[in-house]
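Hello,

Here is the structure I promised to pass on to you. Please have a look at it first, and then read my notes below.

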Amino acid sequence: MKYEPVKNIALTGDGSAVRIIDQTLLPGELKTIDLRGRDELYEAIYSLRVRGAPAIGIFAAYAVYVLARTYGQEEFFARLDADCDHLISSRPTAVNLARQIGRMRETAYALRGRAEEEIVSALRTEAEAIHAEDVAMCRAIAEAGLSLLNEGDSVLTHCNAGPLATSEYGTGLGPLMLAAERGIELKAYVDETRPLLQGARLTAWELQNAGIDCTLICDNMAALAMAQGRIQAVLAGCDRMAANGDAANKIGTSGAAIIAKHYGVPVYILLPSSTVDMDCPTGADIPIELRSGDEIRSMWYEKPMAPENVKCWNPAFDVTDHSLITAIVTEKGVLYPPFEKSLKEAFGGMRS
């Protein structure tokens with residue numbers, strides 16, 4: 001079949017706004033929204049209208065360009081710095097956000113003293129380059145990841161690491177999307193991914209749209225599925241990878257990896273180089289975002305499903321220790337342990 005990737009982020013025709021699929025409305029409604037104001041661009045990241053580490057980075061790059069179009073010559077760099085810092089503060093864990101905004105800021109400062117129009121044009125070019133690079137990286141990741149699977153395999157997915165979270169093929173879902181394009185049969189067991197249900201709402205929607213056989217399960221069903229031999233591999237994306245291979249990803253990824261190790265199921269973490277943070281020594285150095293308890297108590301229910309005043313602890317991510325990871329898949333190929341060595345060889349010169 002012909003695989004048609006979801007186009008989740010783009011500039012509007014006149015370049016005045018960033019157009020995204022509002023992921024908070026899926027799977028019930030597929031709706032695009034145009035965003036141009038400072039506060040609504042920030043809110044889109046914070047409220048998960050746009051989500052997934054690479055997608056956030058792409059979106060933020062376009063957002064910087066859209067905002068820069070409104071600056072005056074005299075206030076240009078003061079407003080640029082303020083808006084960049086504001087956007088970075090929206091979500092702390094994914095390194096792509098700060099890294100791509102950093103690229104945009106460096107592009108502008110390299111042209112300081114030039115005409116405002118020239119700087120703005122350069123910002124658009126840089127944002128489009130960031131997007132194009134991610135498309136190419138996702139395709140390469142999909143190719144490398146597919147080499148680790150056999151026709152007929154069933155994989156476990158957690159959270160959403162498909163085109164909605166990146167561009168084109170995705171990272172964690174990339175091998176599945178590429179297999180569908182080539183007529184290779186793979187199946188997926190999809191963790192619903194509490195509390196925001198990215199697996200149930202987004203991954204299942206993407207896989208069904210791509211014609212891929214998928215079965216939705218609750219997160220706590222993965223152990224039984226592995227015990228019964230239903231799963232041959234775990235595929236997950238990543239929001240930030242430390243220099244030793246520790247991987248921060250959606251809460252629950254670490255638990256799935258621990259279970260997989262017990263049952264001898266390989267765990268593959270798939271990510272672009274923009275998600276590797278060689279300045280971060282270990283997972284203990286990765287900041288973990290804490291979110292509102294309402295996401296647990298009431299967000300996806302018609303009425304609250306917990307006592308109104310019960311205390312909640314709602315970390316958005318956990319860190320999968322490198323010892324639980326079988327291989328890391330990037331656009332540079334498949335990396336094997338020891339990851340401190342293989343990551344350094346692949347990305348040693350890269351800094352945030």
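Thr-107 sits in helix α4. In this predicted model, Thr-107 has a relative accessible area of 16% and therefore counts as buried, since the cut-off is under 20%. Apart from residues up to four places away in sequence, the contacts of Thr-107 are Ala-122, Leu-123 and Glu-126.

Now for the chain as a whole. It has 11 helices and 13 strands. For 352 residues, a compact globule would have a radius of gyration near 20 Å, and the chain agrees with that because its own value is 20 Å. Along the principal axes, the C-alpha atoms fill a box of roughly 65 × 50 × 45 Å. Of the 352 residues, 57% are buried. The accessible surface is about 14,500 Å², and carbon and sulfur atoms account for 52% of it. You may also like the contact pattern: if you take contacts between residues at least 6 apart in sequence, 75% of them join residues at least 24 apart. As for charge, there are 34 positive and 47 negative charges, and their mean positions are 1 Å apart.

Next, the interior. In soluble globular proteins, nonpolar side chains tend to be buried together. Here the largest nonpolar core has 40 residues, and the members that touch the most others are Ile-9, Ile-20, Phe-59 and Phe-76. Which elements give two or more residues to this core? They are the strands β1 (9-11), β2 (18-21) and β3 (32-35), together with the helices α1 (38-46), α2 (53-68), α3 (76-88), α4 (95-110) and α5 (116-146). Helix α2 provides the largest share, with 13 residues.

Phe-59 is a good residue to click on if you want to see this core. Once residues up to four places away in sequence are set aside, Phe-59 touches Ile-9, Val-18, Ile-20, Leu-35, Leu-41, Ala-44, Ile-45 and Val-50. There is also a second, separate core of 30 residues, and its members include Val-265, Leu-271, Met-278 and Leu-335.

Two other buried residues are worth a visit. Leu-235 lies in strand β7 (residues 233-236), and its relative accessibility of 4% is why it counts as buried. Beyond four places in sequence, Leu-235 is in contact with Leu-149, Val-155, Leu-156, Thr-157, His-158, Gly-172, Pro-175, Tyr-268 and Leu-270. Leu-30 is 205 residues away from Leu-235 along the chain, and the C-alpha atoms of the two are separated by 26 Å.

Thr-253 belongs to helix α9 (residues 253-263). With 5% relative accessibility, Thr-253 is buried too. Its contacts, again leaving out neighbours within four places in sequence, are His-158, Ala-236, Asp-318 and Thr-320. So His-158 appears among the contacts of Leu-235 and among those of Thr-253. Gly-172, one of the contacts of Leu-235, is 81 residues from Thr-253 in sequence and 12 Å from it in space, C-alpha to C-alpha.

Finally, some backbone details. Most residues other than glycine have a negative phi, and most peptide bonds are trans. Where are the cis bonds that I noted? One runs from Leu-26 to Pro-27, with omega near 5°, and Pro-27 is in the loop between β2 and β3. Another runs from Pro-337 to Pro-338, with omega near -5°. Pro-338 is in the loop between β13 (333-335) and α11 (339-347).

For positive phi, look at the loop between β5 (187-191) and α7 (198-209), which holds Thr-193 and also Leu-197. Phi is near 70° for Thr-193 and near 60° for Leu-197, and neither residue is glycine. Are these two residues buried or exposed? Thr-193 is buried, at 0% relative accessibility. Leu-197 is buried as well, because its relative accessible area is 16%.

Happy browsing, and best wishes!

Methods
Residues are numbered from 1 along each chain as its sequence is written. This is a predicted model: local features need pLDDT of at least 70, side-chain atom pairs count only at pLDDT 80 or more; totals for chains, interfaces and linings use all residues. Side-chain values use heavy atoms; hydrogens and water are left out. Helices (H or I, at least four residues) and strands (E, at least two) are DSSP runs, numbered from the N terminus. The radius of gyration is taken over C-alpha atoms; the globule rule is 2.2 Å times the number of residues to the power 0.38. Buried means under 20% relative accessible area, exposed over 50%, partly exposed in between (1.4 Å probe, protein chains only). Contact means heavy atoms within 4.5 Å. Accessible areas come from the Shrake-Rupley method with a 1.4 Å probe; for residues, only the protein chains shown count as cover. Lys and Arg count as positive and Asp and Glu as negative; His and the chain ends are not counted. The place of a charge is taken as NZ of Lys, CZ of Arg, CG of Asp or CD of Glu. A nonpolar core is a set of buried Ala, Val, Leu, Ile, Met, Phe, Trp, Tyr and Cys residues joined through side-chain atoms within 4.5 Å.
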